[in-house]
Amino acid sequence: MKNINILFKVYHPVWIVLFMLTLCSCEQLIETDLPDNQVTREDVFKDMATAEAALTNLYINVRENPFLTKNTNGISYNLSLYTDELDYFANNLNDFYTNTVEADHTLNASWWDYAYSGIYAANDFIEGLSQSAFIAEADKKAFLGEAYFIRSLYYQYLCQLYGDIPYTLTTDYVYNTAIAKTSYAEVLIQIEKDLKTAVDLLDDSYRNQQRIYPNQSAAKLLLAQNYLLQKKYEEAEKTCLEIINNNTYQLESDLDKVFKKEAKSTLWQLSSNSDTDNTPEASAYIFVSLPPPTVALSTELLNIFDASDKRKQQWIKEVTDGNLSFFHAYKYKNKENNTDEYAVFFRVEEVYFMLAEALTYQNRTAEAIGYINIIRQRAGLNPLPDSLNQDEFIDEILKESQREFFTENGHRFFDLKRNGKLEILSIVKPNWQNKHQLFPIPERQLQINPNLQPNNNGY
Amino acid sequence: MKTITQPKSKHRFYLLLLILLCSLHSPALFAQQQIRVTGTVKDTDAPLPGVTVWEKDTNNGTLTDENGKYSLQITPGSIVTFSFIGYKTQTHIISGTTLNITLQPDEAVLDEVVINAGYYSVKDRERTGSIARVTAKDIEFQPVVNPLQAIQGRMAGVNITQESGTPGGGFEIQIRGINSLQRTGNVPLYIIDGVPINNDYVTASLSKSILNTGISPLNSINPSDIESIEILKDADATAIYGSRGANGVILITTKKGKAGKTRFTVSSSTAFSKVNRFMKLMNTEQFNQMRDEAFANDGMTEYPPNAYDMNGAWDRNRYTDWQKELIGRTAMSNNLSLGISGGNEYTGFIVSLAHHQSTTVFPTDKGYKRNSASIGFNHRSKDNRFQLGTSTVYSVQSNDLPAVDLTNPALTLAPNAPELYNEDGTLNWQDGTFQNPLAQLNKTYGNETKTLVLNTNLSYNLLSDFYLKLNAGITNNYFDEQVLTPHTIVNPALGHTSERSQSQKSYRSFNSYLIEPQLEWNKKTGVHSFSVLMGSTYQVSNNNGYTLTGKNFSSNALITNISAAKERIINQMNSSEYKYAAVFARVNYSYNNKYIINLTGRRDGSSRFGNNNRFGNFGAIGAAWIFSEENVLKNSRWLSFGKLRASYGTTGSDNVGDYAYLDTYTAGGGYYNSVFGLYPTRLFNPDYHWEKTTKREVSAELNFFHDRIRTSTAYYNNRSSNQLIGLQLPSTTGFNSITANSPATVENSGWEFTLNATPLKTKDWMWEFSFNISFPKNKLIAFPDLEDSTYKNTYVIGKSINLVKLYHYEGIDPETGLYQFTDYNEDGKFTVDDKQIVKELDPKYYGGWQNTLSYKNFTFDFLFQFVKQDNYNLNANYNVPGIALQNAPEVMTNRWSPDNPDAPYGAAATTKNSEAINQMTPFRQSDRTVSDASFIRLKNASLSYVVNLPKAKIESLRLYIQGQNLLTFTHYLGMDPEFINLGYIPPLRTYALGMQLTF
């Protein structure tokens with residue numbers, strides 16, 4: 001008995017420890033700190049530096065993610081394949097090139113996914129910054145304006161590709177889960193509103209002199225696109241003129257300077273991840289020997305150039321093995337060690353084209369021709385005769401636009417589509433059908449949100 | 001009572017003294033009228049060293065020496081016991097001074113088999129829960145990297161699928177089916193020697209294209225260091241793991257040192273592995289015919305510029321068997337290990353050092369290496385009150401692999417594609433027309449894993465029936481991966497230089513510690529026995545990691561060193577912390593060894609939940625009735641053992657990743673104008689709570705004819721609800737999912753049968769077999785508002801959750817050669833609503849049949865594994881015949897033409913034929929792509945010869961040959977029916993030779 005007593009007492013501390021371990025506050029035991037790389041959302045919008053980091057993410061999304069990216073995952077590259085600008089040479093199949101993108105297509109699904117994740121990030125940013133009580137209203141303006149611009153950018157491309165689309169301005173996932181489609185026309189109206197807000201919020205001076213953050217004029221350019229899509233030609237004309245009359249922007253007379261960082265024609269370009277990154281366009285299009293490893297400019301595209309066209313001489317490069325010749329886009333020159341090129345998103349030349357289009361649809365074709373002639377003149381071409389009628393002129397605009405904007409932002413597709421001329425692609429594209437004016441909404445999305453049904457016609 | 005006032009230091013003094021007293025004893029104290037008894041202990045053949053000779057109820061005892069001799073001072077008339085593991089203990093009253101003993105082997109194995117149930121162990125016969133067990137004899141000599149590979153087919157209710165035949169890869173393991181709608185939510189809890197190990201790095205990102213979905217955390221352990229693997233299945237067994245037991249628990253116990261002489265074991269084996277079966281692909285003649293037919297069908301008279309195979313860029317008539325070239329090598333693996341073990345009655349140790357290396361079937365000499373050390377030490381005091389056990393498992397693995405699995409190119413490369421190498425040994429690009437698959441070998445994937453699992457167990461017999469225990473452990477995982485992408489992997493026509501070379505490196509470390517103090521009380525009074533365990537767990541895990549990218553190297557020679565890159569990016573740095581605390585208890589009561597009841601419970605807290613949902617309670621009740629102990633049956637001639645048992649309880653899971661309840665932004669993703677990005681981490685949900693799985697089981701265990709036949713039958717029914725899943729969301733929400741409790745209730749039920757028998761047992765001959773079969777059934781039994789949920793088109797109430805919905809394939813239009821499908825809603829197109837065919841991809845039944853035949857020193861052992869299931873077949877992987885420079889299976893030679901309108905495959909076509917291309921969308925999602933993937937496989941066969949050479953001081957010499965995946969019987973249309981995702985190397989066929997020397 002005595003022994004047991006001693007044992008009991010000797011081990012008293014052990015009992016206490018045991019007691020402590022079993023009964024002490026479990027709440028505290030399982031408290032954890034936030035990981036080093038995460039910040040609570042509340043804190044993000046407490047100061048300008050973290051808010052800027054969140055805004056930075058919106059640009060990274062645009063630059064890197066499949067959809068707006070200029071690399072081979074983006075709409076820019078793939079719409080060139082989809083239309084008649086590029087020929088495809090790799091050993092595998094390319095559904096964009098063969099016009100066989102169906103509802104189960106992986107890259108098409110990524111476009112949709114990443115467009116909406118980009119929109120979510122913009123919505124969350126707008127929500128978070130607007131509600132922040134810690135950042136002065138004046139400081140919020142430019143940031144919010146940029147976020148509105150980016151949101152509109154996504155929606156404007158989305159509705160041109162997919163027609164009626166779900167349009168959301170909230171981050172509420174319950175609402176967004178069962179969201180239905182908004183009609184194409186209504187989406188455009190909403191974008192117009194958003195862009196007007198962006199124009200109001202943004203200054204005309206650039207936040208960064210390299211023009212890597214959109215300013216008011218960039219927002220106006222997007223707004224002018226929107227007016228054209230809505231066929232609001234008067235507003236489009238007015239908006240275009242505001243940009244053209246802004247002497248921040250000038251056409252570069254030397255075509256080799258158009259895609260350089262300091263080009264005066266640039267409205268908005270994308271900063272690269274690091275200083276020496278070459279542009280995604282240079283990676284995607286340039287090759288040095290034959291046969292072309294992936295893509296080369298199509299014969300159809302080459303055929304629309306006059307030999308005297310400076311754009312053919314300076315923006316296109318021939319690669320030959322003595323027998324055969326193939327050509328690649330050479331707007332961006334630096335395949336390695338890039339120091340002077342950024343990926344240009346919007347340049348002022350587009351405004352000239354939009355203005356011409358807005359004028360001709362107001363039956364002011366003669367006036368419109370003047371603006372296209374400015375572009376032609378720079379390329380060393382003769383001016384178009386004033387005698388063209390509207391139809392002839394539209395055909396000329398489309399050709400001129402392709403000569404100017406080949407392999408840029410899917411211009412060919414959007415120009416043809418806006419002017420109702422997509423069917424001319426069926427001459428060179430054996431599989432072209434009417435349904436191809438819209439892309440299919442990814443099948444998986446229709447499955448998990450049946451409110452998005454039915455899919456676009458023909459899919 | 002005065003002792004209370006004693007200063008603390010004195011407590012310690014007493015404690016020390018006590019321990020010293022316990023562990024030492026002085027023979028002088030007992031030196032009264034003593035005699036010395038000597039003798040030899042033998043078994044039927046030879047002297048037995050290391051037998052415990054003990055004077056009953058005293059501290060007086062010894063061990064027999066190498067020759068089985070002992071000598072002990074003793075009081076005449078006292079009682080002495082002779083005990084040795086595996087033999088029946090004998091008790092003698094001492095009268096003379098010489099006593100020679102012959103011990104009899106103990107054949108009543110069942111009574112002695114003790115099962116590890118994690119926090120406690122239990123005799124197999126008294127077990128109330130469902131625990132499957134595989135022991136060292138079935139694992140140690142197998143030519144495998146991962147122990148899971150060795151236990152495939154051996155246990156009822158456990159379905160293991162190898163994800164890739166490349167060494168160092170992963171396994172999918174399902175214990176009684178899948179509970180969670182999220183496939184990754186079905187991972188069991190792995191515990192090595194009492195320490196849960198992290199399995200987070202199974203989802204390492206860089207390895208995806210070579211190792212499939214993951215890397216098994218069990219690669220880090222040398223299979224031959226394992227003493228036993230126990231898999232806990234039902235509520236009774238898993239509820240004590242509470243929150244983490246829903247998907248079952250895999251307990252791995254390493255070998256321990258045993259009393260006896262110091263034993264050296266040297267083992268070595270060499271194995272040769274090849275791809276089991278190549279697919280029958282077209283030869284050049286068949287391929288050319290298909291291509292020509294395609295061009296002809298589309299009216300093309302001239303080959304397009306990129307039809308290099310046909311237009312003269314390549315030699316049209318070349319033939320290469322690409323499977324042989326790219327995945328046809330014999331992978332060699334070597335195992336070498338040294339083990340030293342020994343000890344005495346009080347202290348034992350084991351040290352095992354092992355080296356394993358294996359190459360792959362790819363045309364490269366690189367491969368997988370593992371160096372491992374396992375050290376175990378155990379001790380108990382002479383008075384048996386204090387026990388200490390430690391084990392350390394340390395391993396370093398490295399894997400050097402091509403970054404991409406070459407199976408796909410091997411199956412699709414045109415048979416007339418050009419040579420891989422030029423005459424000067426450089427890669428052949430055939431003037432830029434040939435995407436050389438070997439370029440992928442220049443892109444390399446490498447990883448290094450260092451794993452330390454350290455465990456210490458202390459137990460002290462506090463009072464007569466009380467034991468104070470402490471289980472503590474540390475795990476340390478260091479994992480780094482590297483992907484090198486030199487510019488030489490792309491077509492030289494792109495004009496890249498090393499400025500485009502890229503190197504990516506990711507480091508991750510996972511460290512955790514665990515403390516589990518426990519108190520146990522065991523009491524036996526008459527027919528009542530009680531066993532009570534109370535304990536608590538506290539675990540903290542820290543994960544840290546970062547990823548670096550280096551781009552733009554001045555030379556590819558520098559590519560491994562990111563600091564040599566002109567551009568260096570820190571892609572990501574992250575850290576996370578996981579804390580877990582719990583109290584648990586077990587109460588076991590047994591009446592007369594006949595009626596047993598076992599209660600287990602646990603209250604868990606986890607940092608993975610929001611503040612209001614951190615704690616959860618789990619518990620189970622299990623009961624067993626050993627009816628063969630009833631008087632009526634006790635003397636039955638045929639029934640030697642009979643038990644009925646049942647269990648009911650709940651377990652859970654917190655397997656959702658850390659911090660998912662928080663609304664945060666994460667740093668990462670890149671820079672813009674040198675500003676770092678912050679992106680929204682997730683859609684957050686502060687309200688999700690513990691998932692619960694309710695498990696029920698009834699089982700009968702019957703043994704007949706002196707345990708020569710042993711059977712068990714179990715029926716289980718598990719229902720999971722509130723499962724933590726990434727609830728599927730449309731992309732319009734900005735994400736694909738949100739962590740939430742699933743509304744679904746999933747039922748896994750099924751029958752499991754095992755039969756073990758010893759049909760033949762004579763002096764020289766022995767035949768044993770064991771058979772197991774499981775019939776699992778997975779069923780979605782409830783899903784409120786399924787019709788309005790995002791799973792509307794994914795699940796069907798009453799069907800398995802592992803289902804696919806497919807179009808119905810009708811056949812080929814004899815006019816056009818196009819595939820026809822059923823347009824159920826007659827809207828003229830194929831949409832979700834037309835996917836009316838439902839196929840369940842779960843196994844219908846699976847199991848294994850193992851036989852061991854021995855004659856004298858020879859043992860022949862083989863195991864058949866069988867699975868009855870449906871899965872995707874080769875049709876899911878191929879395109880329109882002839883459409884590209886891609887080979888096709890030989891079966892596609894039987895394709896539609898006006899002369900062959902009833903062919904099983906459609907007409908050849910080119911890219912100009914969009915109808916042909918577009919029909920492939922429904923085709924690949926039709927019931928033509930899912931078919932029978934059942935198989936019976938001779939999983940393992942081995943022949944071994946063991947010889948004892950006592951004169952040469954060799955305890956045993958074992959020589960063996962082993963085969964793995966030797967034969968496969970299947971109707972499967974494709975390469976191999978065992979896979980998770982198509983396009984990876986299937987499990988290999990292996991032959992191994994080995995020897996083991998013990999002295």
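**Figure 1. Contact between chain A and chain B.** In this predicted model, the contact draws 83 residues from chain A and 87 residues from chain B. On the side of chain A that touches chain B, the largest share comes from helix α5 (residues 48-64) of chain A, which supplies nine residues. By residue class, this side of chain A consists of 41 nonpolar, 30 polar and 12 charged residues.

**Figure 2. Strand pairing between the two chains.** Strand β1 (residues 38-40) of chain A is joined by three bridges to strand β30 (residues 664-672) of chain B. The two strands run antiparallel. Within this pairing, A:Val39 has B:Tyr665 of β30(B) as its bridge partner.

**Figure 3. The annotated N-terminal domain of chain A.** The UniProt record, an unreviewed entry, places the feature "domain: SusD-like N-terminal" at residues 49-228 of chain A. Helix makes up 62% of this span and strand 2%. From one end of the span to the other, the C-alpha atoms of the end residues lie 37 Å apart.

**Figure 4. Helix α19 of chain A and its surroundings.** Helix α19 (residues 411-418) of chain A is mostly covered, with six of its eight residues buried. The buried residues are A:His411, A:Arg412, A:Phe413, A:Phe414, A:Asp415 and A:Leu416. Charged side chains are therefore among the buried positions, as Asp and Arg count as charged. Three helices of chain A pack against the buried residues of α19(A): α6 (75-82), α8 (137-162) and α18 (390-405). Just after α19(A), the backbone at A:Gly420 takes a positive phi of about 65°.

**Figure 5. Fold and dimensions of chain B.** Chain B contains 13 helices and 48 strands. Taken along the principal axes, the C-alpha atoms of chain B fill a box of roughly 115 × 65 × 65 Å. The radius of gyration of chain B is 32 Å, which agrees with the value near 30 Å for a compact globule of 999 residues. Of the 999 residues of chain B, 47% count as buried; a residue is counted in this way if 20 or more other C-beta atoms lie within 10 Å of its own. Among the contacts in chain B between residues at least 6 apart in sequence, 70% join residues at least 24 apart.

Note on methods:
Residues numbered from 1 in each chain as written. Chains lettered and ligands numbered in written order. Predicted model: local features only at pLDDT ≥ 70, side-chain atom pairs only at ≥ 80, totals over all residues. UniProt positions renumbered as here; feature names shortened; annotations may be inferred. Helix = DSSP H or I, 4+ residues; strand = E, 2+ residues; numbered from the N terminus. Contact = placed C-beta atoms within 7 Å. Pairing = 2+ DSSP bridges. Rg over C-alpha atoms; globule rule 2.2 N^0.38 Å. Buried ≥ 20, exposed ≤ 12 C-beta atoms within 10 Å, placed from the backbone.
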